[in-house]
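Please work through the exercises below with the sequence and the 3D structure at hand. Each task sentence is followed by a solution that goes step by step.

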Amino acid sequence: MSVGEASGDMHAAGLMKELSALAPGARYFGMGGAQMRAQGLDAVADARDIAVVGITEALRVLPRARQIFGSMLTEARLRQPDAAVLVDSPDFNLRLARRLHDLRVPVVYYVSPQVWAWRPSRVRHIARNVDRMLVLFPFEVEFYRRRGVEVEHVGHPLVDEVPALPQAWDRDRGEARRLALLPGSRRSEIASLLPVMLAAAALLRQDRPDCQVRLILAPTLSLEDVAPLLSATDVPVEVVASDRHRHIADSHLALCASGTATLEVGLLGTPLIVLYRLGTITSLLARLLVRVPHIGLVNLVLGEEVAPELVQGRTRPEHIAAVASRLLADPAAIAGMRAKLSALRPALGESGASRRAASAVLQVLARSSQGSPNLGSR
């Protein structure tokens, strides 16, 4: 197993749970996080060690990433796994796929790299080294099939992981507005986005002194990870480390880092503003290479900009505060966004994605000459 960030840890843990139910003898080793370890992962490395966004940010963890890469290959040679399941994190995992392919280990890739958005040349590498690509979005299937990759749409596990919860806006119109901050799961995201979110919240509270601010921690984060940044603001902040979905659903508006979290917030029906902020070099390259109309996954899936997207220079605190203030003052705009977000759950597919992904892994094991008797025959 190889996972490089928090959402991958969550999705891989769900797959492991289902796979263990289908094949009770299954054992797992590799890189992951706390949720995977809870499902029995023998951890060679912690996913947090390489969880960054951007080129300059990645350079800072490159020495550690090389160490982990070597350790993963050493363990693969020693343990001779029946299969490898690699989840997203393409800069690390596509290189790992090539080396595992050379070791004749069947490779299942779960959660496609966004090759349809940028650097499509990577698909040739995928076609050579990945035995089956498991994708979350229906539109990804045709992209891969046209390029000779064995692909299967399993649906999105968030459909099961994120419950349908009641909303706050309709029932407490007279109460103080609650603002949720979701600055991401990687330390580099937190350092980049949380300060501007807090500064925007401070500006918003000048017009709305009763606005309540809550920081929703990703499962990979602790209070210690954000305490220095919180100590630098005068804004009262409620830190939420558990029952995060209920607190998101109970918020009137969310400031959300671009990524899987936008889908979580959208599935809960909470209006949101998507924030995307990269280092200067990474941003310049992204402008040249990215080929998609929207940054936020929630907008990509819905096919339009349902949630406002504030990118790079537009993530200044005063701009974020202005957009948030306009939304909170416009019940019709909020209601319209919520109505469009209601289409997100059916757009992501039926429930049972983790079970379908686990079944696909077993199919690859069954046809592989390296499939062990107790797994390959199931």
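**Exercise 1. Find how many residues the largest nonpolar core has, and which element gives the most to it.**

Step 1. In this predicted model, the largest nonpolar core has 91 residues, and those with the most contacts inside it are Y110, L181, L182, L272, I273 and V298.

Step 2. Helix α8, which covers residues 187-207, gives the most to this core, contributing nine residues.

Step 3. Another core, of 29 residues, lies apart from the largest one, and A47, Y109, I126 and V130 are among its members.

Step 4. As background for these cores, the protein chain has 378 residues, of which 55% are buried, and it contains 18 helices and 13 strands.

**Exercise 2. Decide where the buried residues of helix α5 lie around its axis, and state what covers them.**

Step 1. Helix α5 spans residues 122-129, and its buried residues are R122, V123, H125, I126 and N129.

Step 2. When the helix is seen down its axis, these buried residues fall within an arc of 155°, and therefore they line one face of α5.

Step 3. On the face turned away from this buried side, α5 carries the exposed residues R124 and R128.

Step 4. The cover over the buried residues of α5 includes helix α4, strand β5 (107-110), strand β6 (132-135) and helix α6 (139-145).

**Exercise 3. Classify the ring pair of F69 and F92 from the distance of its centres and the angle of its planes.**

Step 1. A search of the whole structure finds three aromatic pairs.

Step 2. For F69 and F92, the ring centres are 5.6 Å apart and the planes stand at 75°; planes over 60 degrees apart count as edge-to-face, so this pair is edge-to-face.

Step 3. The pair links distant parts of the chain, since F69 belongs to helix α3 (residues 55-79) and F92 to helix α4 (residues 90-102), with their positions 23 residues apart in the numbering.

Step 4. The cut-off for a buried residue is under 20% relative accessible area, so F69, with 17%, is buried, and F92, with 9%, is buried by the same test.

Step 5. F143 and Y144 form another aromatic pair of the edge-to-face kind, with 5.4 Å from centre to centre and 90° between the planes, and both of these residues are buried.

**Exercise 4. Which rings have R79 and R147 over them, and at what distances from the ring centres?**

Step 1. R79 lies over the face of F29, at 4.4 Å from the centre of the ring.

Step 2. The charged end of R147 sits over the ring of F143, 3.9 Å from its centre; F143 is also a partner in the edge-to-face pair with Y144.

**Exercise 5. Place I295 in the chain, decide whether it is buried, partly exposed or exposed, and list its contacts beyond its sequence neighbours.**

Step 1. I295 lies in the loop that runs between helix α12 (280-289) and helix α13 (297-302).

Step 2. Partly exposed residues fall between the buried cut-off of 20% and the exposed cut-off of 50%, so I295, with a relative accessible area of 29%, is partly exposed.

Step 3. Leaving aside neighbours within four places in sequence, I295 is in contact with S258, Y276, L300, E309 and V311.

Step 4. Of these partners, Y276 is 19 residues from I295 in sequence, while the C-alpha atoms of I295 and Y276 are 7.6 Å apart in space.

Terms used: Residues numbered from 1 in each chain as written. Predicted model: local features only at pLDDT ≥ 70, side-chain atom pairs only at ≥ 80, totals over all residues. Heavy atoms only, no water. Phe/Tyr/Trp six-rings, centres within 6.5 Å; stacked < 30°, edge-to-face > 60°. Helix = DSSP H or I, 4+ residues; strand = E, 2+ residues; numbered from the N terminus. Buried < 20%, exposed > 50% of the residue type's maximum accessible area, 1.4 Å probe, protein only. Lys NZ or Arg CZ within 6 Å of the ring centre and 35° of its normal. Arc of directions from axis to C-beta. Contact = heavy atoms within 4.5 Å. Core = buried A, V, L, I, M, F, W, Y, C linked by side-chain atoms within 4.5 Å.
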